[in-house]
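User: I'm new to reading protein models and I keep tripping over the vocabulary. Can we go through this one term by term?

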Amino acid sequence: LSPVTGGVDTEGRIVVSTYPDRAKATNLRRDPRASVLVLSDEWNDAWVQVDGTAEVLDMPSQEAEDGLVEYFRCISGEHPDWEEYRQAMRTQGKSLVRITPERWGPVATGGFPADRMPS
């Protein structure tokens, strides 16, 4: 596993931006089974594991480019210059990982056990 910033696209898939030669992309091309650990904003709060099937889309395909635009939107909202963003993705040769969730859970909580909380 590796820490990533991910989002959820309009079809409910987990989306992650990467480069085509990174281990995650290489491994997912070989075996598309993927697991993602989704953390809460707070360290001691709930988390969940999501398992599913991944696909890796590479630039310069139009599907990868459009997917990277949607990825940016679900993470950060609107870009001030979409053509500039698209050109940067083409120049950098980015890839998009899309994971279709198949199962998840359980929602777990972290932190100290109640009987060991610091006073």
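User: How many salt bridges does the structure hold?

Analyst: This is a predicted model, and it holds 13 salt bridges.

User: What makes the contact of Asp 9 and Arg 13 a salt bridge?

Analyst: The cut-off is a Lys or Arg side-chain nitrogen within 4 Å of a carboxyl oxygen of Asp or Glu. For Asp 9 and Arg 13 the N to O distance is 2.8 Å, so the pair passes.

User: And why is Asp 9 called buried?

Analyst: Buried means under 20% relative accessible area. Asp 9 has 7%, so the label fits. Arg 13 has 11%, so that partner is buried too.

User: How do you know whether Arg 33 is buried or exposed?

Analyst: Exposed means over 50%. Arg 33 has a relative accessible area of 65%, so Arg 33 is exposed. Its salt-bridge partner is Asp 31, at 2.6 Å from N to O. Asp 31 has 28%, which falls between the 20% and 50% cut-offs, so Asp 31 is partly exposed.

User: What about Arg 103 and Asp 51: why does that pair count as a salt bridge?

Analyst: Their closest N and O atoms are 3.7 Å apart, and the limit is 4 Å, so the pair counts. Arg 103 sits in strand 5 and Asp 51 in strand 4, so the salt bridge ties together parts that are 52 residues apart in sequence. Asp 51 is buried as well, because its 14% is under 20%.

User: Which residues do salt bridges with shared partners join into one network?

Analyst: Asp 9, Glu 11, Arg 13, Glu 55, Glu 63 and Arg 98 are joined that way.

User: Okay, on to strands. How do you know that strand 4 and strand 5 pair?

Analyst: Pairing needs at least two bridges. Strand 4 and strand 5 have 9, in the antiparallel sense, so they pair. One example is Val 56, whose bridge partner in strand 5 is Val 97.

User: What makes strand 2 and strand 5 a pair?

Analyst: They have 5 bridges, also antiparallel, against the required two, so they pair as well. Here Ser 17 stands opposite Leu 96 in strand 5.

User: Where do those strands fit in the whole chain?

Analyst: The chain has 3 helices and 6 strands. Starting at the N terminus, the order is β-β-α-β-β-α-α-β-β.

User: Why is Trp 47 called partly exposed?

Analyst: Its relative accessibility is 33%, which is between 20% and 50%, so Trp 47 counts as partly exposed. Trp 47 belongs to strand 4. Together with Leu 37, Leu 39 and Trp 43, Trp 47 forms a nonpolar patch on the surface, with about 500 Å² of accessible area.

User: What makes a residue part of the lining of the largest pocket?

Analyst: A lining residue has an atom within 4 Å of a pocket point. The largest pocket has 24 lining residues, and Leu 1, Ser 2, Val 4, Ser 35 and Val 36 lie nearest its centre. Strand 3 gives the largest share of the lining, 7 residues. The pocket holds about 670 Å³ of space.

User: Last one: which peptide bonds are called cis?

Analyst: One joins Met 59 and Pro 60, with omega about 15°; Pro 60 lies in the loop between strand 4 and helix 2. Another runs from Gly 105 to Pro 106, with omega near -10°, and Pro 106 is in the loop between strand 5 and strand 6.

Definitions and conventions
Residues are numbered from 1 along each chain as its sequence is written. This is a predicted model: local features need pLDDT of at least 70, side-chain atom pairs count only at pLDDT 80 or more; totals for chains, interfaces and linings use all residues. Side-chain values use heavy atoms; hydrogens and water are left out. Patches are made of residues with over 30% relative accessible area and no salt bridge: like charges are joined within 9 Å, nonpolar side chains (Val, Leu, Ile, Met, Phe, Trp, Tyr) within 5 Å. Accessible areas come from the Shrake-Rupley method with a 1.4 Å probe; for residues, only the protein chains shown count as cover. Helices (H or I, at least four residues) and strands (E, at least two) are DSSP runs, numbered from the N terminus. Buried means under 20% relative accessible area, exposed over 50%, partly exposed in between (1.4 Å probe, protein chains only). On a 1 Å grid over the protein atoms alone, a cavity is a set of points where a 1.4 Å probe fits but cannot get out, and a pocket is an open set with protein on both sides within 12 Å along at least five of seven lines; lining residues have an atom within 4 Å of a point. Grid points are joined across faces, edges and corners, and a volume is the space filled by probe spheres set on the points.
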